[in-house]
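Visitor: Please walk me through this model, starting with the sheet.

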Amino acid sequence: MENSRHVLVIGGNRFPFHRFEVHGSLIADMIPDAFDVTLTTEKESLTDLSEYDAVVDYLTDSTFTDAQQRGLLTFVEEGGGYLGLHCAADLTSIVSDDPDSHITHRDEPFSALRELVGGHFRTHPEQTTFDVRIVDHFHPVTANLSDLRVYDEPYVLDVDDDVRVLARMDHPDHADMPVVWTHNYEEGKVFYCSLGHDEASLTNGDVRSLIANAIRWLTRA
Ligand SMILES: [Zn+2]
């Protein structure tokens, strides 16, 4: 398609959850048909994002080489769109070297990525059904959306004060918790949504509408 916009969706397969071989295609299905979508588990793709208009980040382990991290940050600094989905805000869980253990944890989030996302994941209680309230109907992403109900992990996040929160939840452990936000990162736009643990939310029609709107907004010239 002429002038078709191109989205890179990156995820990983090293954990027994957030399985990209299943979830990658569900995420691709959320992206409007007019977009070209490339799925990858190769972090090296981040070193040259010149052919893309936006990156969808579904990585759990954000251990990057310097070149990979710089490639991603430069892409957004220069106007590229960044959509962090669910585990993209998990900036402390990394692949374990111990073959008996899938996962290990850093004490602090990767600081440059923390700045990019505008917040980071801390913990979550078990999956449950909860309501998400749209709290900003003046933003293009949420202008035509209604509150939604979803079965997902209720993420507890540490969120910067200066992001624009579009949706919140009544969290089981907290009175109130941001679920969706945006902010500007130099010339680029950032959108983050804490939903998306598995098929239940990745196939939820309201979540799909939210992500589709976000992709359109992130890539608008
Ligand atoms: Zn999850």
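**Sheet, helices and core**

Visitor: In what order do the nine strands of the open sheet run?
Guide: This is a predicted model. The sheet is open and its pairing is mixed. Its nine strands follow the order 2-1-3-4-13-12-11-8-9.

Visitor: Which strands stand at the edges?
Guide: An edge strand here has a single partner strand, so one side is left without a neighbour in the sheet. Two strands fit: strand 2 (36–40) and strand 9 (148–152).

Visitor: What does the twist average from one strand to the next?
Guide: The value is an average, taken from one strand to the next. It comes to 20 degrees.

Visitor: Is strand 1 paired with strand 2 in a parallel or antiparallel sense?
Guide: Five bridges join strand 1 to strand 2. Histidine 6 stands opposite aspartate 36 in strand 2. The two strands run parallel.

Visitor: Which residue of strand 3 stands opposite valine 7?
Guide: Strand 1 also pairs with strand 3, over five bridges in the parallel sense. Opposite valine 7 stands alanine 54.

Visitor: How many residues of strand 1 are buried?
Guide: Strand 1 has six residues and is largely enclosed by the rest of the structure. That follows because the buried ones number five.

Visitor: What is the handedness of the β-α-β unit with strand 1, helix 1 and strand 2?
Guide: Helix 1 (residues 20–30) lies across strands 1, 2, 3 and 4. Helix 1 runs at about 155 degrees to strand 1. The unit of strand 1, helix 1 and strand 2 is right-handed.

Visitor: At what angle does helix 5 run to strand 13?
Guide: Helix 5 lies across strands 1, 3, 4, 9, 12 and 13. Strand 13 covers 188–193. The angle is about 170 degrees.

Visitor: Which element gives the largest share of the largest nonpolar core?
Guide: That core has 58 residues. Val7, Val55, Val56, Tyr58, Leu83, Tyr192 and Cys193 touch the most other members. The largest share, six residues, comes from helix 5 (residues 205–218).

Visitor: Which histidines does tyrosine 58 touch?
Guide: Residues up to four places away in sequence are not counted. Among its contacts are Val9, Ile10, Phe20 and Leu85. The histidines are His18, His23 and His86.

Visitor: What is the bridge partner of methionine 169?
Guide: Strand 11 (residues 164–169) and strand 12 (residues 177–185) run antiparallel, joined by five bridges. The partner in strand 12 is methionine 177.

Definitions and conventions: Residues numbered from 1 in each chain as written. Predicted model: local features only at pLDDT ≥ 70, side-chain atom pairs only at ≥ 80, totals over all residues. Core = buried A, V, L, I, M, F, W, Y, C linked by C-beta atoms within 7 Å. Buried ≥ 20, exposed ≤ 12 C-beta atoms within 10 Å, placed from the backbone. Helix = DSSP H or I, 4+ residues; strand = E, 2+ residues; numbered from the N terminus. Contact = placed C-beta atoms within 7 Å. Pairing = 2+ DSSP bridges. Axes fitted to C-alpha atoms, helices over the stretch in contact; angles between N-to-C directions. Right-handed = clockwise from strand over helix to strand, strands pointing away.
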